[in-house]
Amino acid sequence: MKVLQRKLTFAAMKHQFVYLSLGSNLGHRASILQEARRLIVFHCGSIIQASRVYETAAWGFFSAQPFLNQVIGIETNDLPNQLLEKLMKIEAELGRLRTASGEYVSRTLDIDILFYILLNLVDSLWISLLLIDKLKFSRPLRFPKHLLSS
């Protein structure tokens with residue numbers, strides 16, 4: 001899967017819409033995803049949309065244990081860098097251990113920002129934009145029309 005890197009800049013705005021990818025292939029995967037959603041609502045914002053949960057093979061490395069994956073859409077007041085920091089804390093709270101090399105390994109929880117909708121730009125941040133249409137579990141989601149018209 002190709003990963004596109006784009007340098008974006010952001011200004012504080014309210015109620016931004018964000019697609020997040022959740023994945024787990026260690027531990028009680030379904031319970032971990034459920035707890036991740038609860039913590040995201042508590043710390044980050046309201047869940048507006050959710051795909052069903054899919055079981056998929058690991059991507060980028062070999063693992064005998066498949067992932068459970070889900071994409072959710074949330075509304076948040078957080079800037080992208082603030083949201084990323086909160087999501088990484090949620091991953092750590094649910095047992096995510098990162099490798100020093102950054103290589104892909106099995107994990108209790110992986111949360112990725114797939115897309116962040118906003119218009120005004122000020123503060124710099126790099127976001128990796130995955131080709132969302134390649135992710136089977138993201139296909140049922142559609143952008144809310146009221147967020148695209150400005």
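Student: Among contacts in the protein between residues at least 6 apart in sequence, what percentage join residues at least 24 apart?

Tutor: This is a predicted model, in which local features need pLDDT of at least 70 and side-chain atom pairs count only at pLDDT 80 or more, while totals for chains, interfaces and linings use all residues. Residues are numbered from 1 along each chain as its sequence is written, and side-chain values use heavy atoms, with hydrogens and water left out. A contact here means heavy atoms within 4.5 Å. Of the contacts between residues at least 6 apart in sequence, the share that joins residues at least 24 apart is 79%.

Student: In what order do the elements of the protein run from the N terminus on?

Tutor: Helices (H or I, at least four residues) and strands (E, at least two) are DSSP runs, numbered from the N terminus. The protein has 3 helices and 7 strands. Read from the N terminus on, the elements run β-β-α-β-β-β-α-β-β-α.

Student: Which element gives the most residues to the largest nonpolar core?

Tutor: A nonpolar core is a set of buried Ala, Val, Leu, Ile, Met, Phe, Trp, Tyr and Cys residues joined through side-chain atoms within 4.5 Å, where buried means under 20% relative accessible area, exposed over 50% and partly exposed in between, with a 1.4 Å probe and protein chains only. The largest such core has 20 residues, and those with the most contacts inside it are L20, I40, L87 and I90. Two or more residues come from each of β2 (16–24), α1 (29–43), β5 (67–76), α2 (80–93) and β6 (110–117). The element that gives the most to this core, with 5 residues, is α1.

Student: How many of the residues of β5 are buried?

Tutor: Across the 150 residues of the protein, 41% count as buried. The strand β5 is mostly covered, and of its 10 residues the number buried is 9.

Student: How many bridges join β2 to β5?

Tutor: Two strands pair if DSSP finds at least two bridges between them. β5 pairs in the antiparallel sense with strand β4 (residues 54–56) over 3 bridges, and strand β3 (residues 45–50) runs antiparallel to β5, joined by 5 bridges. β2 and β5 also run antiparallel, and the number of bridges that join them is 9.

Student: Which residue in β5 is the bridge partner of Q16?

Tutor: Individual positions show how the strands line up, since S46 stands opposite E75 in β5, and Y54 has N69 in β5 as its bridge partner. For Q16, the bridge partner in β5 is T76.
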